[in-house]
Amino acid sequence: MILVTGGLGFVGSHTARALLDRGESCVLVQRREPLLPDDLASLAGRRVFTERADVGDLAALLEIGHRHPITSVVHLAGSVPWPPGAQPPLAGARDAVGSLLNVLQAACDWQVARVGLASTIGVYGGAAAPSPLGEDVPLPMLAGHAIPAFKKIGELLADYLASLTGIEIVNYRISPWGPGGNPMSPFTAVPQLVHATARDTAPDFSALRSPAYAGDGFDMCYVKDCARAIALLQLAPRLSHRTYNIASGRVLTNGEVAAAIRKLVPDAQVELPEGRTPGSGPELYLDITRLRQDTGYQPAYDTDRAVADYLAWLRAGHPR
């Protein structure tokens, strides 16, 4: 039975479905009241179990192992002091690192076979190497944002503790977009383009850290592909590495998404200035050779299919 922290969140809910599709049973742990969506509710109490717990509370986390025979852990709950200002800086940092250590402590106590940890494409920020970036590219000891900073910390702790505990701890460097994600992301205009189209309004790019141009983009993986890749890695009989890029292996630009939207909604308000943001760095995309070799993974969603799926999800009544 696989325990998924943040199991009803953005990536967690899709990962749970991907694991269930492969015949696994899951315990979905969520800090808020865990309410199963309709497509999982029919499996409640048989192959899907929900637990309300904060991974910052070690005792509550360990108690879950008394109720369920946990054999593997996918840690997708955010071990990051985010959003800004939610806690005093030192308290937030202490809770973030402590939450990760709690998950690893529980994994040791339960003697699980494998722990998968969600990292991020953001750890490559500032890397002095051309794309496609492989997992062995040296990472700078700097981070311009809390998320990559704490994901780097998590990767270092994972590598250190894997060597000492004997538990296989694997880092998943992800970059997901799609249903359930934040439509007001500060990093990409893509989700806002789709959400605005579903609302029949102009996109609101006010949350972005810089203006949106058609040529802006980086490697993003549709969340259903991302979840399937996580499931494949988590269930693989043998893995050859401790870190894997989970990506599409190419740049997804705002203009490409806008073009896919126009095929479905010709009058969508998705006009963007041409070119790229002035001063933007080189295009960032990842090498996914390791993932393909060890799992046979291939992306199932091209841009057109992903945009159509995302729009259908929003038009089915999900939050816009």
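In what sense, and over how many bridges, do strand E4 and strand E5 pair? In this predicted model, strand E4 (residues 72-75) and strand E5 (residues 114-120) pair in the parallel sense, over four bridges, and Val74 has Gly116 in E5 as its bridge partner. Both strands belong to an open sheet of seven strands with parallel pairing, in the order E3-E2-E1-E4-E5-E6-E10. The edges are formed by strand E3 (48-52) and strand E10 (243-246), each of which has a single partner strand, so that one side of each is left without a neighbour in the sheet. On average, and with direction ignored, neighbouring strands of this sheet are turned by 20° against each other. Helix H4 (residues 89-110) lies across E4 and E5 as well as strand E1 (2-5) and strand E6 (168-174), and runs at about 170° to E4.

In soluble globular proteins, nonpolar side chains tend to be buried together. In the present model, the largest nonpolar core has 42 residues, and those with the most contacts inside it are Leu28, Ile174, Ile230 and Ile246. At least two residues of this core are supplied by each of E1, helix H1 (10-21), strand E2 (26-30), E6, helix H7 (223-235) and E10, with H7 giving the most, namely seven residues. Leaving aside neighbours within four places in sequence, the contacts of Ile246 include Tyr172, Ile174, Cys226, Ile230, Leu233 and Leu291. A second, separate core of 26 residues includes Met220, Ala260, Tyr301 and Tyr310.

The count of aromatic pairs comes to four. One of these, formed by Tyr222 and Tyr301, is tilted, with 4.9 Å centre to centre and 40° between the planes. Because Tyr222 lies in strand E9 (residues 221-222) and Tyr301 in the loop between helix H9 (289-295) and helix H10 (303-315), this pair ties together parts that are 79 residues apart in sequence. Tyr222 counts as buried, at 2% relative accessibility. The rings of Tyr310 and Trp313 likewise form a tilted pair, since their centres are 6.5 Å apart and their planes stand at 55°. Both residues lie in helix H10, three residues apart, or about one turn of the helix. Tyr310 is buried, with a relative accessible area of 0%, whereas Trp313 is partly exposed, with a relative accessible area of 24%. Together with Trp177, the residues Tyr222, Tyr301, Tyr310 and Trp313 form one aromatic cluster, and Arg305 lies over the face of Tyr301, at 4.0 Å from the ring centre.

Methods:
Residues numbered from 1 in each chain as written. Predicted model: local features only at pLDDT ≥ 70, side-chain atom pairs only at ≥ 80, totals over all residues. Heavy atoms only, no water. Pairing = 2+ DSSP bridges. Axes fitted to C-alpha atoms, helices over the stretch in contact; angles between N-to-C directions. Contact = heavy atoms within 4.5 Å. Core = buried A, V, L, I, M, F, W, Y, C linked by side-chain atoms within 4.5 Å. Buried < 20%, exposed > 50% of the residue type's maximum accessible area, 1.4 Å probe, protein only. Phe/Tyr/Trp six-rings, centres within 6.5 Å; stacked < 30°, edge-to-face > 60°. Lys NZ or Arg CZ within 6 Å of the ring centre and 35° of its normal.
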